[in-house]
Amino acid sequence: MRISVARLGWAAGALAAVLITGCGSSSTTTTTSTTTTTPKIASIAAEVPAAVKSKGTYIVAADATYAPNEFIAGNGHTVVGMDADLVKALGALMGLKISIVNATFDSIIPGIQAGKYDMGASSFTDTKARQKVVDFVTYFSAGTSFYTKAQGGTSVSTLASLCGRAVAVEAGTTEQSDATGQKAKCKAGGKPAVTVLVYENQNEVNLAVQSGRAQVGMADSPVAAYAVKQSHGLLKLVGQPYGTAPYGLALPKGNGMAKPVLAAVKALMANGTYLKILTKWGIQAGAITNPTINGATS
């Protein structure tokens, strides 16, 4: 399935500007309050803890450099994408006013722990390590893909084939962990080590590959595919995606929000809104039908 020609043209223009200039997520936080026409479901809204309702605004953090999942719109400040649309729809069902803020990826979970953010909706892979500090409600499934320059790039098929190559990854991601782990494996096997280049956001990763500073880039499969599509022939996918795993909406441990969020996710899947959001952003794979709560302490 495809998004409309008009929407694709707008998104391509917005992302092309991001790729060329390197603008996007930074240490500066951009906030956008959002609304949606999805009606509130009273039974779900009733499950939201009083402490959350009393806040007035529910703060959701996203690293808006990860198109089509989350990125900055053409106006330079609004966070848009699959996760942004999903969160807006969830908020409406739960009767919450949503504000999405742009934050660097590796600052989001610490921000949730510190009470700065109420939720992280930023393509977080649901891992056991992360479950120790946040609760997750799963909602999508993605693998990791490799990409390189279309002209003069390199050939990579698996993590093992990264030995001796310079690889660009975003800080705090599973891609960073995988590349770093493979670096140790290459050295232990007597092969040239992986040079792991860690960047603050995905825009910088893409630029590193385009400029030749890195031979290979790594990102979640829908993000890598979108970056390649919008690069106008500068980048290409190589190898096959690996390590398919669920995305999770990150929540403070045991604060009572996991159950209403799960109920809202299931409601969006049941009424067709979930698939409409994926289709809108041109995401053709990764939908799940069995969202779950992982890591919850209560």
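What follows is a short dialogue on reading selected features of a predicted model.

Trainee: Let's start with the aromatics. How many aromatic pairs does the structure hold?

Mentor: There are six aromatic pairs. Take F71 and Y226: their ring centres are 6.2 Å apart and the planes make 45 degrees, a tilted arrangement. That pair links distant parts of the chain, with F71 in strand 4 (residues 70–72) and Y226 in helix 9 (residues 221–229), 155 residues apart. Both F71 and Y226 are buried.

Trainee: And what is the geometry of the rings of F71 and W281?

Mentor: Planes over 60 degrees apart count as edge-to-face. For F71 and W281 the planes stand at 85 degrees and the centres are 5.8 Å apart, so the pair is edge-to-face. Again distant parts of the chain are linked: W281 sits in the loop between helix 11 (273–280) and strand 13 (293–294), 210 residues from F71 in strand 4. Both F71 and W281 are buried. Put the pieces together and F71, Y226 and W281 form one aromatic cluster.

Trainee: F71 is in a strand, then. How should I read the sheet around that strand?

Mentor: The general idea is that strands of a sheet pair through backbone hydrogen bonds, either parallel or antiparallel. Here you have an open sheet of three strands, in the order 3-4-5, with antiparallel pairing. Its edge strands are strand 3 (65–66) and strand 5 (79–80), each pairing on one side only. Strand 4 is joined to strand 5 by two bridges, and F71 stands opposite V80 in strand 5.

Trainee: Which strands pair in the parallel sense over five bridges?

Mentor: Those are strand 9 and strand 10 (residues 195–199). Within this pairing, A168 stands opposite L197 in strand 10. Check the burial too: five of the five residues of strand 9 (residues 166–170) are buried, so that strand is largely enclosed by the rest of the structure. Both of its faces are covered, with A166, A168 and E170 buried on one side and V167 and V169 buried on the other.

Trainee: Is helix 4 mostly covered or mostly open?

Mentor: Mostly covered: twelve of the 13 residues in helix 4 are buried. Charged residues are on that list as well, including D83 and D85, alongside others such as M82, L86 and M94. For the geometry, helix 4 (residues 82–94) reaches 18 Å from its first C-alpha to its last, close to the 18 Å expected at 1.5 Å a residue. After the helix comes G95, with a positive phi near 75 degrees.

Trainee: Why is helix 8 described as largely enclosed?

Mentor: Count the buried residues: seven of the ten in helix 8 (residues 202–211) are buried, so the helix is largely enclosed by the rest of the structure. Among them are Q202, N203 and L207. At the N-terminal end, N201 acts as a cap, with a side-chain oxygen 3.0 Å from the backbone nitrogen of N203. G212 follows helix 8 and has a positive phi, near 90 degrees.

Trainee: What about nonpolar packing?

Mentor: In soluble globular proteins, nonpolar side chains tend to be buried together. In this model, the largest nonpolar core has 49 residues, and those touching the most other members are Y58, M82, M94, M119, F140, M257 and V261. Leaving aside residues up to four places away in sequence, F140 touches a list that includes M82, P222, Y247, Y274, L278 and I288.

Trainee: Last topic: how do I read unusual backbone angles?

Mentor: Most residues other than glycine have a negative phi, and most peptide bonds are trans. Your cis case joins A67 and P68, with omega about 5 degrees, and P68 lies in the loop between strand 3 and strand 4. For phi, S123 is positive at about 60 degrees although it is not a glycine. H232, also a residue other than glycine, has a positive phi near 55 degrees.

Trainee: Where are S123 and H232 found, and is each buried or exposed?

Mentor: S123 is in the loop between strand 7 (119–120) and helix 6 (128–131), and its 3% relative accessibility counts as buried. H232 is in the loop between helix 9 and strand 12 (235–252), and at 62% relative accessibility H232 counts as exposed.

How values were computed: Residues are numbered from 1 along each chain as its sequence is written. This is a predicted model: local features need pLDDT of at least 70, side-chain atom pairs count only at pLDDT 80 or more; totals for chains, interfaces and linings use all residues. Side-chain values use heavy atoms; hydrogens and water are left out. Buried means under 20% relative accessible area, exposed over 50%, partly exposed in between (1.4 Å probe, protein chains only). Helices (H or I, at least four residues) and strands (E, at least two) are DSSP runs, numbered from the N terminus. A polar contact is a pair of N or O atoms within 3.5 Å; within protein, one must be able to donate a hydrogen and the other to accept it, and residues adjacent in sequence count only if both atoms are side-chain atoms. Rings of Phe, Tyr and Trp (its six-membered ring) pair if their centres lie within 6.5 Å; planes under 30 degrees apart count as stacked, over 60 as edge-to-face and the rest as tilted. Two strands pair if DSSP finds at least two bridges between them. A nonpolar core is a set of buried Ala, Val, Leu, Ile, Met, Phe, Trp, Tyr and Cys residues joined through side-chain atoms within 4.5 Å. Contact means heavy atoms within 4.5 Å. The expected span of a helix is 1.5 Å times one less than its number of residues.
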